[in-house]
Amino acid sequence: MKITSARLIVCSPDRNFVTLKIETDEGIYGLGDATLNGRELAVAAYLEEHVIPCLIGRDPFAIEDIWQYLYRGAYWRRGPVTMTAIAAVDVALWDIKGKALNTPVYNLLGGKSRQGALVYTHANGADIPGAIESVRKHLEEGYLAIRVQCGVPGVSSSYGVPKGDKPYEPAERGLPSESLWSTEKYLNFVPQLFQAVREEFGEDLHLLHDVHHRLTPIEAARLGKALEPYHLFWIEDPTPAENQEAFRLIRQHTVAPIATGEVFNSFWDAHDLIRNQWIDYIRMTIVHGGGITALKKAADFAAVYQVKTGFHGATDLSPVTMAAALHLGLAIHNFGIQEHMPHSALTDQVFPHAYRFEAGYMYPGDAPGLGVDIDEKLAAEYPYQRAYLPVARKLDGTLTDW
Ligand code: KDG
Ligand code: MG
């Protein structure tokens, strides 16, 4: 089998997605997600100008070799644009191999270690009663694990809180909006939020919380200690992780489980965190971390240190990435949990898929390959629109981590 063509489909059904379609001389094609929120066209250009020309004529079954060719062969390694482009190719090739061998991708990765992938979804409210109502709604939908985010009194817009009655969506069309941040108000408030949620729903529900990189290590340690009575499933991204050593300090002060890695694009971003057991869950995502090939290796390394996975699964990762995460999550032994922020109905229409949610778990389905397609005609009706993530400033105007 040979790769005969590869092309990009850039569309915006409610939000932007970049999809790579690789076609072969046997009529089988594969899909890969190449979406990098707010920097979509940089990856599209990287693929179009520098990667696609090198793919034509290659054997699509040579997944490892093609991965190494794009990684080592570029000389310039790593970085979100490069690794997203490599991931798109990698995932499309796994899709092709599964279809060619008439088997779901999880079978190519070692077969099922479990029947379904435990998922968590997002509850958010402008205030504590709103957050509690949102948790209740998701419990009624069948979720067993829920991330809770809430507006902080005195802070005009907090991470994870929707504007108006639309579901929370991180990217916004147009230029970046600015939001305000106060660490002190946040640290004083979050324990009250989780106390109220536990009082309302009891001890059994899995609760998660995303700090979104906004604290220093010692502030994160304080938060971890304050939240211990509410035994969260994890505290996510408590501090930026460029300096992996920063997590040592958090670890010294709290037994709160820690998850990080959604912005990582290389295994090396996580190497010290894992081997020192400074984290409990690695959140690298297939689309930004170099694909199934790279994430399988990262997960296997993490398994040695009893670190589990918690792959990123926000709406800016397309249904192709969700499917890939579910296939990998079903196969690896150290799967922890999968994030599930459901896509809009329109996005689901553009990307018909075999995966489904039922009673707290997601199932990738048994279609050959990844079980996701793209309706190109419908996609063409929703062209790309420039969109950005917001930026955050402290109350005195200093730019801070969003
Ligand atoms: O593109 C950025 C989003 O994916 C991110 O803000 C969502 O933090 C996030 C999460 O945990 O889903
Ligand atoms: Mg996050």
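Is Cys-150 buried or exposed? Cys-150 is buried, because its relative accessible area is 6% and the cut-off for a buried residue is under 20%. The structure is a predicted model.

**Cysteines**

Cys-11 also counts as buried, at 0% relative accessibility. A search of the whole structure for disulfides finds 0.

| Residue | Relative accessible area |
|---|---|
| Cys-11 | 0% |
| Cys-150 | 6% |

**The magnesium site**

The magnesium ion (ligand 2) has three protein donors: Asp-210 through OD, Glu-236 through OE and Glu-262 through OE. These donors lie 2.0 to 2.2 Å from the ion. Along the sequence, the donor residues follow the spacing D-x25-E-x25-E. Asp-210 belongs to strand E8 (residues 206-210) and Glu-236 to strand E9 (residues 234-236), so this pair, 26 residues apart, links distant parts of the chain. Asp-210 and Glu-236 are both buried.

**Helix H3**

Helix H3 covers residues 80-100, which is 21 residues. How far apart are its end C-alpha atoms? They are 30 Å apart, and this agrees with the expected span of 30 Å, because each residue should add 1.5 Å. H3 is mostly covered, with 17 of its 21 residues buried. Residues three or four places apart in an α-helix point the same way, because there are 3.6 residues a turn. After H3 comes Asn-102, which has a positive phi, near 60 degrees.

Technical notes:
Residues are numbered from 1 along each chain as its sequence is written. Chains are lettered from A and ligands numbered from 1 in the order in which they are written. This is a predicted model: local features need pLDDT of at least 70, side-chain atom pairs count only at pLDDT 80 or more; totals for chains, interfaces and linings use all residues. Side-chain values use heavy atoms; hydrogens and water are left out. A disulfide is a pair of cysteine sulfur atoms within 2.5 Å. Buried means under 20% relative accessible area, exposed over 50%, partly exposed in between (1.4 Å probe, protein chains only). Donors are N, O and S atoms within 2.8 Å of the metal (3.2 Å for Na, K and Ca); water is not among the atoms, so sites may look incomplete. Helices (H or I, at least four residues) and strands (E, at least two) are DSSP runs, numbered from the N terminus. The expected span of a helix is 1.5 Å times one less than its number of residues.
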